[in-house]
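Colleague: Please take a close look at one part of this model, and build your account outward from there. I would like each term explained when it first appears.

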Amino acid sequence: MTKRALKRQLREGAFDAGQFAGDDKIRRLPLDRDRGWSPLAHHNSNDDRDQGYLKTIKAKSPGQEELIKAIDDKNLVMALGPAGTGKTYLAIAKAVEALESGSVGRIVLSRPAVEAGESIGYLPGDAEDKLAPYLRPLYDALSDRLSMKRVRALMAEGAIEIAPVGFMRGRTLNNAFIVIDEAQNCTYVQLKMLLTRLGWHSTMVVTGDPDQSDLLPEFSGLRTVAQKLEAVSNIAVVRLADRDIVRHPLVAEMLGVL
């Protein structure tokens with residue numbers, strides 16, 4: 001049907017929506033669960049995620065369940081494990097949950113700006129533009145829990161702050177949910193500085209993989225800090241393993257041989 005005919009029918013009140021039921025150019029096709037691996041098939045879940053986001057956080061492995069419980073019970077949690085275990089995603093998901101429920105007044109996300117064998121210093125723009133690629137994974141995790149429009153609105157009003165580790169010195173973070181991501185790229189001194197930013201009515205989650213640092217082994221402080229803090233009863237150190245990887249099964253297989 002032409003646009004002119006459609007406008008005429010609307011004007012005359014004779015529009016029948018049913019006659020256009022088969023004219024959609026974009027159709028939602030049912031997920032073919034037999035065409036390959038999917039998180040749903042892998043975890044034997046019956047959740048239907050095709051039509052929208054799943055807002056309720058659900059653990060997909062024993063390690064993730066332990067991590068979620070630790071975040072609920074402790075004010076300082078260290079989550080250590082290989083890539084794909086959901087460390088960052090769960091931490092940010094719990095941060096969004098705390099903000100939405102009013103448990104905290106703001107979310108502070110921080111990440112070390114360490115170049116993984118590449119340099120972006122030549123890129124145009126100010127410091128914020130140059131740091132944007134380093135902080136992109138945090139934006140991605142946030143946008144998976146909130147719409148980008150809401151993320152931008154919360155950032156504009158200061159309810160969500162994303163900053164590199166170097167900008168955290170000298171601050172006290174009260175009534176906040178703090179996530180320190182990629183902590184394996186922090187030195188011992190940097191981690192000590194970050195951990196002591198914890199203020200009243202705040203929760204801090206530190207995530208990282210000690211075996212995947214972009215620093216020389218002797219400079220990364222995550223492993224040493226985690227070993228020392230395991231002796232403190234009010235701090236939870238959660239160690240995730242290959243069995244907790246929830247990405248494609250090939251990730252676990254690759255990490256087993258690389």
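Modeller: I begin with one pair of residues: L80 has R239 as its bridge partner in β6. These two belong to a predicted model, in which local features need pLDDT of at least 70 and side-chain atom pairs count only at pLDDT 80 or more, whereas totals for chains, interfaces and linings use all residues. Residues are numbered from 1 along each chain as its sequence is written, and side-chain values use heavy atoms, with hydrogens and water left out.

Strand β1 (residues 76–80) pairs with β6 in the parallel sense over five bridges; two strands pair if DSSP finds at least two bridges between them. Helices (H or I, at least four residues) and strands (E, at least two) are DSSP runs, numbered from the N terminus. Strand β6 itself covers residues 235–239, and four of these five residues are buried, so the strand is largely enclosed by the rest of the structure. Here buried means under 20% relative accessible area, exposed means over 50%, and partly exposed lies in between (1.4 Å probe, protein chains only).

The pairing of β1 and β6 belongs to an open sheet of six strands, ordered β3-β2-β4-β5-β1-β6, with parallel pairing. Its edge strands are β3 (160–164) and β6, each of which pairs on one side only, and the twist from one strand to the next averages 15 degrees. Elsewhere in the sheet, strand β2 (residues 106–111) and β4 pair in the parallel sense over five bridges, and L109 stands opposite V179 in β4.

Helices lie against this sheet. Helix α8 (residues 222–229) packs on it, touching β1, β5 and β6, and the direction of α8 makes about 130 degrees with that of β1. Helix α3 lies across β1, β4, β5 and β6, running at about 165 degrees to β6. For these angles, axes are lines fitted to C-alpha atoms, for helices over the stretch in contact, and the values run from 0 to 180 degrees between N-to-C directions; contact means heavy atoms within 4.5 Å.

Helix α3 (residues 62–73) also meets helix α4 (residues 87–101), their axes coming within 11 Å and crossing at roughly 35 degrees. The crossing of α3 and α4 is right-handed, the near helix being turned clockwise from the far one by less than a right angle (anticlockwise would be left-handed). Q64, L67, I68, I71 and D72 of α3 make the contact with K87, L90, A91 and K94 of α4. These residues divide into five nonpolar, one polar and three charged, where Ala, Val, Leu, Ile, Met, Phe, Trp, Tyr, Cys and Pro count as nonpolar, Asp, Glu, Lys and Arg as charged, and the others, Gly among them, as polar.

Helix α4 also holds T88, which counts as buried because its relative accessibility is 19%. Leaving aside neighbours within four places in sequence, T88 is in contact with L138, D181 and T207.

The loops add some further detail. T56, in the loop between α2 (39–42) and α3, is exposed, with a relative accessible area of 52%. The C-alpha atoms of T56 and E97 are separated by 9.1 Å, although the two are 41 residues apart along the chain.

The loop between β4 (176–180) and α7 (188–195) contains E182, and T187 is found in the loop between β4 and α7 as well. E182 counts as partly exposed at 24% relative accessibility, and T187 is partly exposed with a relative accessible area of 25%. Not counting residues up to four places away in sequence, T187 touches L215, F219 and G221; its C-alpha atom and that of L215, 28 residues apart along the chain, are separated by 8.4 Å.

Most residues other than glycine have a negative phi. E182 has a positive phi of about 55 degrees although it is not a glycine. H201, also not a glycine, has a positive phi of about 55 degrees; H201 is found in the loop between α7 and β5 (203–208) and counts as exposed at 66% relative accessibility.

For the chain as a whole, there are nine helices and six strands, and buried residues make up 40% of the 258 residues. Of the contacts with a separation of 6 or more, 72% are between residues 24 or more positions apart.
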